[in-house]
Amino acid sequence: MSKVVVFDETGAPEVLHIVDEPALEPAAGEVRIRIEAIGLNRLDEMMRAGAYPRPFRLPHARLGCEGAGVVDAIGTGVEGLAPGDPVLVTAVPQMDLNGTCAEYTVVPASTVLPRPADLDATSAAALWVAYSTAYGALVEKSGMRPGDQILITAASSSVGLAAIQIARQIGAVPLAVTRHSAKKEALLAAGAAAAFATDQDDVATATRDHTNGAGADIILDSVMGPGLAKLATAARFGATVTTIGWLDPRPASMPMNAPLTIHRYMSFEHTLDPVVVRRIAAFLDAGLRSGALRPTIDTVFALDDIVEAHRYLEKADQFGKIVVTV
Ligand SMILES: NC(=O)c1ccc[n+]([C@@H]2O[C@H](COP(=O)([O-])OP(=O)(O)OC[C@H]3O[C@@H](n4cnc5c(N)ncnc54)[C@H](OP(=O)(O)O)[C@@H]3O)[C@@H](O)[C@H]2O)c1
């Protein structure tokens with residue numbers, strides 16, 4: 001049997017409940033994972049709350065698009081994985097059906113990777129979505145190069161902190177943006193070359209001051225909303241703005257400073273492509289081995305406290321990843 005977090009209608013965290021149901025058998029090409037830890041993502045909240053951008057199964061929707069665990073059983077035709085292997089579940093495309101928020105889940109073998117050495121289950125569960133998104137958006141999409149000045153909004157999010165570390169790993173210069181000046185010091189300690197707070201600084205002016213008037217080469221924006229146009233004035237002539245989220249759900253206004261390349265990035269465009277997944281895994285492995293990359297954990301909840309974990313996720317005020325352990 002498997003404890004599974006499900007919800008039958010969308011709404012507040014209290015719609016989540018835990019049921020006991022038989023663990024499914026993996027079909028051909030699938031793997032059953034005994035989950036040890038789950039990384040929570042903004043996508044989980046959007047799905048639970050009814051703001052998910054695609055249709056999904058209700059009632060009895062599952063949740064969770066990443067996790068860490070151990071291979072429990074393999075279907076026919078699966079190669080390179082064996083029961084007992086410590087693994088990561090990288091990006092579950094249909095989390096309503098096989099979400100990771102459970103004791104067991106069955107997923108396509110293509111979404112399972114060996115767990116990087118020396119990474120415990122909690123840190124491993126915090127790795128994939130944050131780091132693959134930051135890597136995909138900055139390296140694959142925006143073409144980040146050594147020396148680039150990278151302005152990162154929502155820098156204390158798990159993706160933001162991953163972006164700071166990845167920029168450092170490449171030799172670029174991460175400039176962190178937070179809403180709260182109280183978080184500046186922690187962002188500097190996390191590797192930011194400078195930290196700007198919207199409750200204190202004009203971000204565009206501060207960026208220009210920090211870059212000798214040039215502006216940022218790349219802006220990685222998780223916020224959007226009406227502030228996007230003003231934020232983009234922090235960009236240098238010919239820069240790239242890559243938006244990855246809309247923490248401010250109000251309509252975004254189009255930046256009018258040009259030339260400017262604007263991307264809207266969804267990590268699934270890369271994480272469902274096995275060739276790019278190999279590149280991401282190699283990059284992350286190198287960074288973990290050298291010590292350049294290390295997931296930042298904000299708080300760990302138990303699976304039985306999933307409602308509490310979602311209440312905390314809803315506050316959107318953490319520094320790093322929220323992880324649920326099984
Ligand atoms: N495109 C993709 O494939 C992809 C994949 C994963 C995540 N994402 C996006 O990446 C972003 C970060 O996700 P996450 O799960 O790492 O962390 P998260 O929980 O969404 O981020 C929390 C942090 O964001 C900041 N924040 C929250 N609401 C804000 C607002 N209205 N305006 C400005 N800042 C706000 C806060 O930092 P301060 O208190 O320091 O301001 C907070 O600590 C989200 O937008 C998410 O949707 C995109």
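**Exercise 1. Which residues are closest to the ligand, and how many surround the ligand?**

Step 1. A residue is near the ligand if its C-beta atom, placed from the backbone, lies within 6 Å of it. By this rule 26 residues surround the ligand, and the closest are Ser157, Thr178, Arg179, Gly245 and Ser267.

Step 2. The structure is a predicted model, in which local features need pLDDT of at least 70, side-chain atom pairs count only at pLDDT 80 or more, and totals for chains, interfaces and linings use all residues. Residues are numbered from 1 along each chain as its sequence is written.

Step 3. Sort the shell by class: Ala, Val, Leu, Ile, Met, Phe, Trp, Tyr, Cys and Pro count as nonpolar, Asp, Glu, Lys and Arg as charged, and the others, Gly among them, as polar. The shell around the ligand then has 10 nonpolar, 11 polar and 5 charged residues.

Step 4. Look for helices in the shell. Helices (H or I, at least four residues) and strands (E, at least two) are DSSP runs, numbered from the N terminus. At least two residues of the shell come from each of helix H4 (128-141) and helix H5 (158-170). H4 gives the most, with 3 residues.

**Exercise 2. Explain where the ligand lies relative to the domains.**

Step 1. The chain is divided into domain 1 (2-127 + 295-325) and domain 2 (132-266); the bounds come from an automatic or database domain assignment.

Step 2. Both domain 1 and domain 2 give residues to the shell around the ligand, so the ligand lies between them.

Step 3. Taken over C-alpha atoms, the centres of the two domains are separated by 29 Å. Two residues are in contact if their C-beta atoms, placed from the backbone, lie within 7 Å. In this sense 7 residues of domain 1 are in contact with 8 residues of domain 2. The side of domain 1 that touches domain 2 has 3 nonpolar, 2 polar and 2 charged residues.

**Exercise 3. Which residues of helix H11 are buried, and against which elements do they pack?**

Step 1. A residue is buried if 20 or more other C-beta atoms lie within 10 Å of its own, exposed if 12 or fewer, and partly exposed in between, with C-beta atoms placed from the backbone.

Step 2. In H11 (residues 306-315), the buried residues are Ile306, Ala309, His310 and Leu313. They cover an arc of only 95 degrees around the axis, which puts them on the same side of H11. The arc is that of the directions from the helix axis to the C-beta atoms.

Step 3. These buried residues pack against strand E1 (2-7), strand E2 (17-21), helix H1 (42-49), strand E15 (297-302) and strand E16 (321-325).

**Exercise 4. Is Ala316 buried or exposed, and where does Ala316 lie?**

Step 1. Ala316 is in the loop between H11 and E16.

Step 2. Ala316 has 12 other C-beta atoms within 10 Å and is therefore exposed.

Step 3. Phi of Ala316 is near 50 degrees, a positive value in a residue other than glycine.

**Exercise 5. Describe the loop between H1 and strand E4 (61-62).**

Step 1. Pro59 lies in this loop. The peptide bond from Leu58 to Pro59 is cis, with omega near -5 degrees.

Step 2. His60 lies in the loop between H1 and E4 as well. Phi of His60 is near 65 degrees, which is positive although the residue is not glycine.

Step 3. His60 counts as partly exposed because 13 C-beta neighbours lie inside 10 Å.
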